[in-house]
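Dear colleague,

Please find the structure below, passed to you for your further work. A short account of what was found in it follows.

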Amino acid sequence: MALRSPIFFAGAFLLLAIAYLAYFNVALRTDPAAAESRFNLLLEADAPRRAAAHGERALAMRINNGESADTLAEFKARIARAQIGRDNFKRGVDLLGDALASDWAQDLDIRERIRLQDERARAEILAGDLEGAVAVYASFIELAGDAASRGAADNPDSLDAFYAEQVADVRPLFTKTLNHASPYEALARGREAQLATANQMASLGSFYAMRDEGAYAAAALLSAAYHIRKAVLGGDHQDTVQLTLILGPVFAEMGRLDDAENLYLDAFHAQERAKGSNSPDLSLYIKLLAGIYEQQGRMTEAQALYEHMRSLFQDAFGDQRYAVNRERDRRTDVNRPVSQYFLLEPDYAPTDLVSAAQYSIPISKAPSVDEMKLRLAADEGADPREANLPARLAQLVSLCRSESGDSISLRSGYRSYETQRILYQRNGRRGTVTPPGMSEHQTGLGADIDVNNRFMRPTDRSYQCFEENAFRFGFILSYPPGNDYLPGEDSHEPWHWRYVGVQTAHLYREAGPHQKPQEFLAALPCYQERAASGYFPAAGEPDICLGQPPLLTAAASAEETPQPPGEKDNSARILNDAAGNGRTQR
Ligand SMILES: [Zn+2]
């Protein structure tokens with residue numbers, strides 16, 4: 001048998017191949033299944049451009065055949081991947097949008113659905129539609145809740161953590177897209193839509209600002225939000241100004257000190273216009289600005305600003321503020337000072353007394369007597385059913401009982417003005433009874449504590465426990481050694497603890513005047529303001545919040561404390577010069 005030439009084989013093969021291809025191409029054009037399997041092969045082979053064409057053809061045929069949106073959804077999601085792979089982001093966004101809107105997506109595992117949303121939002125960023133993507137990730141942050149603010153979730157497998165992870169993962173894409181010289185311009189849309197976008201950008205930017213390597217994305221997003229708010233609301237609006245407090249530190253972290261300086265100056269001048277040039281609210285911006293000057297090595301200017309900040313405080317929280325705070329109606333205020341300088345009116349009585357026994361506080365007397373009652377006081381803004389005086393006292397007692405082994409009980413809580421008067425009459429100035437109107441017991445906030453059935457003493461182990469822990473539960477020692485709050489020689493009362501709320505007790509512990517609780521309470525707004533603005537006096541510097549009680553200084557307060565000459569003028573000049581010259585002033 002003659003051998004057939006290789007050419008014959010080649011020719012035959014070619015014919016077959018042509019026939020096959022012809023058939024196949026026809027099939028690809030008429031049979032959706034064939035087109036789809038071709039699509040699958042090409043997608044697997046990482047050829048998205050060709051895959052997309054076959055996928056779209058198969059899709060068109062299946063739509064022509066009358067298939068429903070729900071049966072097509074999964075296929076659309078896969079075509080979207082191919083389209084995104086060939087940089088056709090817009091089409092990818094549309095296809096994923098269809099898929100996400102279908103019943104198919106609703107039935108997906110929640111994490112699968114989140115991944116699809118993430119995929120679509122990423123394509124949106126790449127397609128240049130930042131608003132859509134920002135809205136998606138801002139909603140993820142909201143859904144992540146605590147996991148987003150903590151940075152790390154308690155449970156890394158939780159859904160909260162999963163949401164936070166998606167937002168963290170998209171960071172480089174935001175950085176890349178927004179990292180160009182000109183500030184991002186919001187699309188010309190309605191005022192409300194623009195503000196909504198700014199809010200979402202601010203929330204996303206704050207998320208990145210808290211994270212390692214998040215500064216670039218944070219700066220871009222927060223700047224964009226800032227520019228939108230500035231354009232829509234104006235530079236003086238509080239929402240605009242407030243953003244500088246997040247954006248400024250990001251700039252500073254990136255070494256963009258000039259940008260931070262200009263931002264803080266804008267904010268300072270906006271606050272100055274809104275609140276006046278003597279407002280202590282300015283001090284926060286002055287402090288931030290001074291910090292930037294320090295980083296830039298402009299020490300003289302920084303120093304002048306710190307001085308200016310001190311003088312603002314001096315003006316705002318001198319005797320004047322002290323007196324105002326003393327006089328305002330503090331009838332139900334858990335921070336009301338009480339002493340011979342801060343008298344209570346005879347008709348002052350709390351309206352929210354409860355039985356201590358009901359809150360599992362061990363008591364020394366019959367539960368029905370008034371003295372075994374306390375106020376159901378709560379911290380400002382807290383739920384009184386949980387964060388209240390008796391519940392916290394019960395916790396403190398329980399902690400210290402187990403630490404010390406002592407038996408601890410409530411000896412005396414609330415006493416009315418009348419009860420105090422009778423007690424005082426009976427005991428005179430002997431012993432432990434305070435004249436009526438000067439006792440914290442009238443507020444229902446004070447608690448005399450018994451240890452092993454007698455007054456608590458400084459040598460008790462349970463006293464040490466109270467000293468170390470009471471502030472965590474909102475209690476402070478009202479009558480420390482050496483105080484002059486009550487008439488008589490010695491009014492040190494190691495057994496008398498008083499509720500001021502957890503925040504106030506912490507503030508007293510960390511920043512309050514040493515062993516001067518009533519003065520601290522009288523000047524509380526000053527201490528709060530000082531803590532909020534991060535201003536703490538240097539060692540040896542007089543405590544400007546701690547004025548003398550007006551009773552003692554009625555004569556002295558008439559004399560004005562002279563201001564160091566020129567101090568204010570100097571800092572004003574720096575602030576104005578810097579504002580005028582911006583970058584060039586050094
Ligand atoms: Zn007492």
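The secondary structure of the protein chain consists of 26 helices and seven strands. Please note that the model is predicted. Of the 586 residues in the chain, 38% are buried. Among contacts between residues at least 6 apart in sequence, 62% link residues at least 24 apart.

One helix pair was examined in detail. Helix H7 (residues 110-127) packs against helix H10 (residues 159-169) at an angle of about 15°, and their axes lie 11 Å apart. Angles under 35 degrees count as roughly parallel, and H7 and H10 are therefore roughly parallel to each other. Their crossing is right-handed. On the H7 side, the contact involves Ile-110, Arg-111, Ile-114 and Asp-118, which meet Leu-159, Phe-162, Tyr-163 and Gln-166 of H10. By character, the residues of this contact comprise five nonpolar, one polar and two charged.

The spacing within such a contact may be read against a general rule: an α-helix has 3.6 residues a turn, so residues three or four places apart point the same way.

A second element, helix H16 (residues 283-295), was checked for its length. Its 13 residues, at 1.5 Å a residue, should span 18 Å, and the end C-alpha atoms are 18 Å apart, which agrees. H16 is mostly covered, with ten of its 13 residues buried. Among these buried residues are Ser-283, Leu-284, Tyr-285, Ile-286, Gly-291 and Tyr-293. Just after H16, Gly-297 adopts a positive phi of about 80°.

Yours sincerely

Definitions and conventions
Residues numbered from 1 in each chain as written. Predicted model: local features only at pLDDT ≥ 70, side-chain atom pairs only at ≥ 80, totals over all residues. Axes fitted to C-alpha atoms, helices over the stretch in contact; angles between N-to-C directions. Helix = DSSP H or I, 4+ residues; strand = E, 2+ residues; numbered from the N terminus. Parallel < 35°, antiparallel > 145°, perpendicular 65-115°, else oblique. Left-handed = near helix turned anticlockwise from the far one by under 90°. Contact = placed C-beta atoms within 7 Å. Nonpolar A, V, L, I, M, F, W, Y, C, P; charged D, E, K, R; others polar. Expected span 1.5 Å × (residues − 1). Buried ≥ 20, exposed ≤ 12 C-beta atoms within 10 Å, placed from the backbone.
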